[in-house]
Amino acid sequence: MEKKNLDWSNLGFGYMKTDKRFVANFKDGAWDDGVITEDDKVVISECAGVLQYAQTCFEGMKAYTTQDGHVVIFRPDMNAERMANSCRRLEMPIYPEDKFVEAVAKTVKANDAWVPPFGSGASLYIRPYMFGSNPVIGVKPADEYQFRILVTPVGPYFKGGAKPLTIKVSDFDRAAPHGTGHIKAGLNYAMSLHAIVTAHEEGYAENMYLDPATRTKVEETGGANFIFVTKDGKVVTPKSDSILPSITRRSLIYVAKEYLGLEVEEREVLFDEVKDFAECGLCGTAAVISPVGKIVNHGEEICFPSGMEKMGPTIQKLYDTLTGIQMGKIEAPKGWIYTVE
Ligand SMILES: *Cc1c(COP(=O)(O)O)cnc(C)c1O
């Protein structure tokens with residue numbers, strides 16, 4: 001297989017149409033077998049459930065090339081499980097978890113030439129998604145659905161690499177108490193757009209959302225979970241029913257405990273205690289960890305001792321260990337690395 005002639009090291013985080021995608025349809029109560037197709041266009045009714053009532057959810061993960069030349073995917077079974085949970089909450093049919101992983105692998109394999117080479121720092125972003133496709137006018141779940149997987153080669157998520165970010169405490173909420181914050185539903189991102197556009201206009205990279213009920217506790221950003229480090233080296237991560245359970249964050253917690261021997265606390269984190277932490281980072285598939293240097297709350301600044309030049313030492317260790325595991329340089333826990341045959 002010959003690789004596409006792309007400037008791999010200088011890719012941004014954007015959509016680039018690749019050769020193949022996966023499509024399966026749900027009709028009369030069952031999924032069809034699904035196919036790999038070259039057709040990137042979706043044709044649905046003008047009254048499709050997704051267009052009227054936003055009945056859609058998605059996933060995000062990455063495939064990349066290891067040092068010894070294998071194409072691997074990081075924990076796709078976790079994405080399968082999370083998408084099944086999203087579907088349950090949105091009254092959508094579940095795409096069977098084992099079939100999900102198979103379809104993801106098939107799509108990556110079909111786009112072999114688009115998987116960035118080892119050492120480029122780039123990867124193949126995988127986006128599975130599902131939506132209600134038949135006409136719905138009264139508010140109810142659709143009867144027909146389409147499950148698709150697209151892939152696109154990407155570089156680092158945040159421009160300028162791993163330089164610490166300045167973020168702001170948002171006046172908007174991203175999730176309601178007992179709402180849909182814990183699932184990857186499209187609707188959560190539609191309502192976050194105004195908040196992120198506003199934050200960017202004001203010069204901030206991201207929003208820190210507080211808990212919607214009391215606005216006293218840290219939740220997450222629009223697309224990444226928080227991880228903090230205390231001055232005595234403990235890893236702390238917020239626990240809440242309205243946070244999206246990041247697979248990166250859960251993996252980092254495992255790495256902190258089992259590889260680095262660090263103490264980890266998953267608990268409610270008051271905004272008032274954030275000023276006492278030594279390090280702060282955002283974790284998600286796209287960036288693994290992006291360090292945060294400064295948090296601004298209505299003009300009041302919290303500056304972490306790790307500064308604005310580089311990652312704090314503990315977050316750096318977590319980052320190096322997890323990316324080492326992903327790249328095959330450090331032995332992975334059983335089942336974390338899925339090799340595309
Ligand atoms: C996808 C997402 C994350 C990160 O999850 P990963 O599984 O680590 O990629 C965190 N927060 C939100 C709101 C997300 O949508």
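**View 1. Cys303 and Cys280, two cysteines outside any disulfide.** Cys303 is partly exposed, with a relative accessibility of 48%. That value falls between the 20% limit for buried and the 50% limit for exposed, so Cys303 takes the middle label. This is a predicted model. A search of the whole structure finds 0 disulfides. Cys280 is in none; its nearest cysteine sulfur belongs to Cys283, 9.4 Å away. Cys303 is in none either, and the nearest cysteine sulfur, on Cys280, is 12 Å away. A disulfide needs two cysteine sulfur atoms within 2.5 Å. Is Cys280 buried or exposed? Cys280 is buried, at 2% relative accessible area.

**View 2. The residues around the ligand.** The ligand is surrounded by 15 residues. The closest are Lys184, Tyr189, Glu220, Ser246 and Thr285. By class, this shell holds 4 nonpolar, 7 polar and 4 charged residues.

**View 3. Polar atoms facing the ligand at Arg82, Glu220 and Ile247.** Which ligand atom lies 2.6 Å from a polar side-chain atom of Glu220? It is a nitrogen atom. Arg82 places a polar side-chain atom 2.8 Å from an oxygen atom of the ligand. Ile247 uses its backbone: an N or O atom there lies 2.9 Å from a ligand oxygen atom. On its own, the ligand has 390 Å² of accessible area, and the protein covers 95% of that.

**View 4. The aromatic pair Phe26 and Tyr145.** The whole structure contains 15 aromatic pairs. In this one, the ring centres of Phe26 and Tyr145 are 6.1 Å apart. Their planes meet at 65°, so the pair is edge-to-face. Phe26 sits in strand β1 (residues 21–27), and Tyr145 in strand β8 (residues 145–154). The pair therefore ties together parts that are 119 residues apart in sequence. Phe26 is buried at 14% relative accessibility. Tyr145 is buried as well, at 1% relative accessible area.

**View 5. The aromatic pair Phe100 and Phe147.** The two ring centres lie 5.8 Å apart. The planes of Phe100 and Phe147 stand at 35°, so this pair is tilted. Phe100 belongs to helix α3 (residues 97–110) and Phe147 to strand β8. The pair links distant parts of the chain, 47 residues apart. Phe100 is buried, with 1% relative accessibility. Phe147 is buried too, at 0%.

**View 6. A cluster of aromatic rings.** Ring pairs join Phe22, Phe26, Trp31, Tyr95, Phe100, Tyr145 and Phe147. Both pairs from the two views above have their residues in this cluster.

Definitions and conventions
Residues numbered from 1 in each chain as written. Predicted model: local features only at pLDDT ≥ 70, side-chain atom pairs only at ≥ 80, totals over all residues. Heavy atoms only, no water. Near = heavy atom within 4 Å. Polar contact = N/O pair within 3.5 Å; in protein donor to acceptor, adjacent residues only side chain to side chain. Areas by Shrake-Rupley, 256 points an atom, 1.4 Å probe, with all protein chains shown as cover. Nonpolar A, V, L, I, M, F, W, Y, C, P; charged D, E, K, R; others polar. Buried < 20%, exposed > 50% of the residue type's maximum accessible area, 1.4 Å probe, protein only. Phe/Tyr/Trp six-rings, centres within 6.5 Å; stacked < 30°, edge-to-face > 60°. Helix = DSSP H or I, 4+ residues; strand = E, 2+ residues; numbered from the N terminus.
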